Structures are given as structure tokens and as C-alpha cells.
Amino acid sequence: TDLKQLAGRTEIWLERQRPALPAPARQLVANIGVQLDLLAPQLQNLDTNSPAAHHIRKLVADDLPELVSGYQRIPANLRKEPHAGRTPDETLVGGLQMLEREIGDAARNLAAGEMDKLATRERYLQLKYQGIDAED
């Protein structure tokens, strides 16, 4: 998927999966949708070959769909049975919580770069138009 369309397409796909997920996971899917909405505009200008783009593509196009699809491959009658100390429902919720945090962190990290650029631009303008001696 094109990086510019990745967040939107993933959100649409994830929303289609929502009815088949357990109740706690449905709220997390909604939260992830909000994170994807915040991320989408930032992906419009992101260099597709950058490490950040690679990380986001892996997170949103690989890890998230594989977690949800892996859960869905487990027969419904076995999803409440403990396996390795947790039920598949609990494992899904735990994975979605981690992915929600990671997507949010990725959006914040991209925004931090833009905020730094904005602060640098403002400082440049101060120096240019107010002079070096004018301090805040």
C-alpha cells in the first residue's frame, strides 16, 4: 500500500474486523482508529524510504493485521480457553494495547520533528527581523 493511503486503508480494514472481535478489543480498535487518523496527515510528506516510514509500514501494514488475523484463525470456541497462561482474547487485547501505544508514539515522533522545524524557523525569523540582541 502507498504510504499516503496506508493509515486510511488500515483503518477501514480494521473497522470491518471489529464486529468479530471481543468487546474489550472493539474499544481498542476504535482508539487505534483515532491514532491512525492523527497519523494519516503526517504520512503525506514522509519520505517513503526513511526509517520512520519503514517502522510505520511494518507496524500498520504487517503487525496490526497479523495480530487480528491470527486471532481470527483461532476457532471461536477455543478463544476463551487459556493457552500459555492467557486466553487468545486476552492475548489479542494485550497486543492491541501495545500497537495503540506504538502508533501513537510514531505519530508524536513525526510531529516532534515538525515542531522542531517550526521552532527553528521562528528563531531564524527572530534573528533576521529582531536582531541578535533581542531576546524573549
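**Exercise 1. Find what share of the contacts with a separation of 6 or more joins residues 24 or more positions apart.**

Solution. The model is predicted. Take the contacts in the protein with a separation of 6 or more. Residues 24 or more positions apart account for 68% of them.

**Exercise 2. Describe the fold and the overall dimensions of the protein.**

Solution.
- Step one: list the elements. The protein has four helices and zero strands.
- Step two: read along the sequence. The pattern is α-α-α-α.
- Step three: take the spans. Along its principal axes, the C-alpha trace covers about 70 × 30 × 20 Å.
- Step four: compare with a globule. A compact globule of 136 residues would have a radius of gyration near 14 Å, but this protein has 20 Å.
- Step five: turn to burial. Of the 136 residues, 32% are buried.

**Exercise 3. Compare the span of α2 with the expected value, then state which helices help cover its buried residues.**

Solution.
- Step one: α2 has 21 residues, so at 1.5 Å a residue it should span 30 Å.
- Step two: the end C-alpha atoms of α2 are 30 Å apart, which agrees.
- Step three: list the buried residues. In α2 they are A25, L28, V29, I32, G33, Q35, L36, L39 and L43.
- Step four: recall helix geometry. An α-helix has 3.6 residues a turn, so residues three or four places apart point the same way.
- Step five: look at the cover. It includes α1, α3 and α4.

**Exercise 4. Locate the largest nonpolar core and find which helix gives the largest share.**

Solution.
- Step one: the core has 28 residues. L39, L43, I56, V60 and L96 touch the most other members.
- Step two: α1 (3-17), α2 (23-43), α3 (51-72) and α4 each supply at least two residues of this core.
- Step three: the largest share, eight residues, comes from α4.
- Step four: zoom in on L39. Leaving aside neighbours within four places in sequence, L39 is in contact with I56, V60, I103, A106, A107 and L110.

**Exercise 5. Follow α4 to its end and compare its reach with the expected span.**

Solution.
- Step one: α4 has 43 residues.
- Step two: from its first C-alpha to its last, α4 reaches 61 Å. That is close to the 63 Å expected at 1.5 Å a residue.
- Step three: G131 follows α4. The phi of G131 is positive, near 90 degrees.

**Exercise 6. Decide whether E100 is buried or exposed, and name its contacts.**

Solution.
- Step one: place the residue. E100 lies in helix α4 (residues 88-130).
- Step two: check the accessibility. E100 has 18% relative accessibility, and under 20% means buried, so E100 counts as buried.
- Step three: leave out residues up to four places away in sequence. E100 then touches L28, N31, I32 and Q35.
- Step four: consider G33. E100 and G33 are 67 residues apart in sequence, but their C-alpha atoms are 9.0 Å apart in space.

**Exercise 7. Work out where A84 lies, and whether A84 is buried or exposed.**

Solution.
- Step one: A84 is in the loop between α3 and α4.
- Step two: A84 has 76% relative accessibility, and over 50% means exposed, so A84 counts as exposed.
- Step three: check the backbone. A84 is not a glycine, although its phi is positive, about 60 degrees.

**Exercise 8. Count the aromatic pairs, then find the ring that the charged end of R79 sits over.**

Solution.
- Step one: the structure holds zero aromatic pairs.
- Step two: the charged end of R79 sits over the ring of Y71. The distance to the ring centre is 4.5 Å.

Technical notes:
Residues are numbered from 1 along each chain as its sequence is written. This is a predicted model: local features need pLDDT of at least 70, side-chain atom pairs count only at pLDDT 80 or more; totals for chains, interfaces and linings use all residues. Side-chain values use heavy atoms; hydrogens and water are left out. Rings of Phe, Tyr and Trp (its six-membered ring) pair if their centres lie within 6.5 Å; planes under 30 degrees apart count as stacked, over 60 as edge-to-face and the rest as tilted. A charge sits over a ring if NZ of Lys or CZ of Arg is within 6 Å of the ring centre and within 35 degrees of the ring normal. Buried means under 20% relative accessible area, exposed over 50%, partly exposed in between (1.4 Å probe, protein chains only). Contact means heavy atoms within 4.5 Å. The expected span of a helix is 1.5 Å times one less than its number of residues. A nonpolar core is a set of buried Ala, Val, Leu, Ile, Met, Phe, Trp, Tyr and Cys residues joined through side-chain atoms within 4.5 Å. The radius of gyration is taken over C-alpha atoms; the globule rule is 2.2 Å times the number of residues to the power 0.38.
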